[in-house]
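Biologist: I'd like a close look at a single part of this model, please, with its backbone, its partners and its setting. Could you pick one and talk me through it?

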Amino acid sequence: MSRKCWIPAFLFVCLLLGFGWWGTTAQVKAVSPVKKWGQLSVSGTNIVNQDGKKVQLKGVSTHGIAWFPQYVNKSCFQSFKKMGANTIRLAFYSDPNAGYSKDLYGKVEEGVDAATELGMYVIIDWHILSDGNPKKYQKQALKFFDHFAGKYGKQKNILYEICNEPNGNVTWEKDIRPYANKVIAKIRKYDKKNIIIVGTPTWSQDVDVVAKNPIKKKNLVYTLHFYAATHKDDLRAKVKSAYESGLPMLVSEFSICDASGNGNLDKSSGAKWMKLLKQYKIGYVAWNVSNKAESSSLIQSGCQKTGGFTKSNLTPSGKWIVSQWKK
């Protein structure tokens, strides 16, 4: 081959190799969270992947799907996945006065199926709030988890949150623990492996109380919720105490505004929370995917899109939270 012919041929081979390398890199980047981590489990105080390595769930929660069902769709979830989320939480309110309806089971299924198609983890959340005591609608909860564990218990990307925020005259020993044992047994009838998230007293803040007598069963974590402008060093001290006592936790709901879901943003307190969660490898899921005119909403109130979001569509709290996923 002449030198004149050899040079173009050499360049052509390099070009092919370059495209081959780029394609491989793109494929690596495109690997979904579930394909990358596989079946999650709990080891000691941490959530670990299929290889036993610590992982940190990061994601977003829907608002009540009775009020904002339009955001339960694949395009919406994919937007947040592209920004760095690996987890979607589906908030199904347990109180009929707050939107509970068995007719919404289908909307939960839409959400689970969309997250599954995207290779994301999905939390099926029985969202106790105004009802306070998880025992109040325990029969409905058992039917709810019988349905969803029966339908999705063989999948690797499911987590079950069994009582969002117990509150009022509710204790761990008298109310939450007995309820949790019954619901856990119902779920384990169908699903032996996926993680179950157990609520804690006082709007899922008293993790230190639970740490003194946790439930002795596999693949359980305990709920921690915070709103950074309200919950500061006192609650962070509880988290440290619980973690050092051996309690595995997951922040299944938080924002950097106050506990009402509104008010001013406290980025300084938020930064302290992120530092602590990163130190302990505790996952965190942000409240909430809606365009409701309040500080905790992730979508700007003037945005009418229901998917295909970019950072320009996010609120100040949304932009701050997304920025944390890459750190």
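Modeller: Gladly! A word on naming before we start: strands are DSSP runs of E with at least two residues, helices are runs of H or I with at least four, and both are numbered from the N terminus. By that rule, Asn-288 belongs to strand β10, residues 284-289. Please keep in mind that this is a predicted model.

Let me use Asn-288 as a warm-up. A cis peptide bond links Trp-287 to Asn-288, with omega at about 5°. Most peptide bonds are trans. Asn-288 has a relative accessibility of 0%, so it counts as buried. Setting aside neighbours within four places in sequence, Asn-288 is in contact with Ser-61, Thr-62 and His-63, and also with Glu-294, Ser-296, Ser-297 and Leu-298.

Just ahead of β10, in the loop that follows α10 (267-280), you will find Lys-281. Lys-281 is not a glycine, yet its phi is positive, at about 60°. Its relative accessible area is 34%, so Lys-281 is partly exposed. Trp-203, which sits in helix α7 (residues 201-204), also has a positive phi without being a glycine, near 55°. Trp-203 counts as partly exposed because its relative accessibility is 39%.

Now for the part I would pick: strand β8, residues 220-227. Eight of its eight residues are buried, so the rest of the structure largely encloses β8. Strand β7 (residues 196-198) pairs with β8 in the parallel sense, over three bridges. Within that pairing, Tyr-222 of β8 stands opposite Val-198. Strand β9 (residues 249-255) is also a parallel partner of β8, over five bridges, and here Phe-226 has Phe-254 as its bridge partner. The path between β8 and β9 includes helix α9 (residues 233-244), and the three elements form a right-handed β-α-β unit.

Phe-226 also takes us into the packing. In soluble globular proteins, nonpolar side chains tend to be buried together. The largest nonpolar core here has 82 residues, and those touching the most other members are Phe-77, Phe-80, Trp-126, Ile-162, Phe-226 and Trp-325. Helix α6 (residues 172-188) contributes the most to this core, with seven residues. Take Ile-162: beyond its neighbours within four places in sequence, its contacts include Trp-126, Phe-145, Tyr-179, Val-183 and Ile-187, as well as Ile-196, Ile-197 and Val-198. Val-198 is the residue we met opposite Tyr-222. Apart from this core lies another, of 15 residues, among them Ile-47, Val-55, Val-221 and Leu-250.

What about empty space? The second largest pocket has a volume of about 360 Å³. Of the elements lining this pocket, β8 provides the largest share, three residues. There are 23 lining residues, and Leu-129, Glu-165, Tyr-227, Glu-253 and Ala-259 lie nearest the centre of the pocket.

As for enclosed space, the whole structure holds one cavity of 30 Å³ or more. The volume of the largest cavity is about 30 Å³, and its lining is made up of Gln-39, Leu-40, Tyr-121, Lys-156, Ile-158, Leu-159, Asn-194 and Ile-195.

To bring it back to β8: the strand is buried in eight of its eight residues, has β7 as one parallel partner and β9 as another, and gives three residues to the lining of the second largest pocket.

Definitions and conventions: Residues are numbered from 1 along each chain as its sequence is written. This is a predicted model: local features need pLDDT of at least 70, side-chain atom pairs count only at pLDDT 80 or more; totals for chains, interfaces and linings use all residues. Side-chain values use heavy atoms; hydrogens and water are left out. Buried means under 20% relative accessible area, exposed over 50%, partly exposed in between (1.4 Å probe, protein chains only). Two strands pair if DSSP finds at least two bridges between them. A crossover is right-handed if, with the strands pointing away from the viewer, the path from the first strand over the helix to the second runs clockwise. A nonpolar core is a set of buried Ala, Val, Leu, Ile, Met, Phe, Trp, Tyr and Cys residues joined through side-chain atoms within 4.5 Å. Contact means heavy atoms within 4.5 Å. On a 1 Å grid over the protein atoms alone, a cavity is a set of points where a 1.4 Å probe fits but cannot get out, and a pocket is an open set with protein on both sides within 12 Å along at least five of seven lines; lining residues have an atom within 4 Å of a point. Grid points are joined across faces, edges and corners, and a volume is the space filled by probe spheres set on the points.
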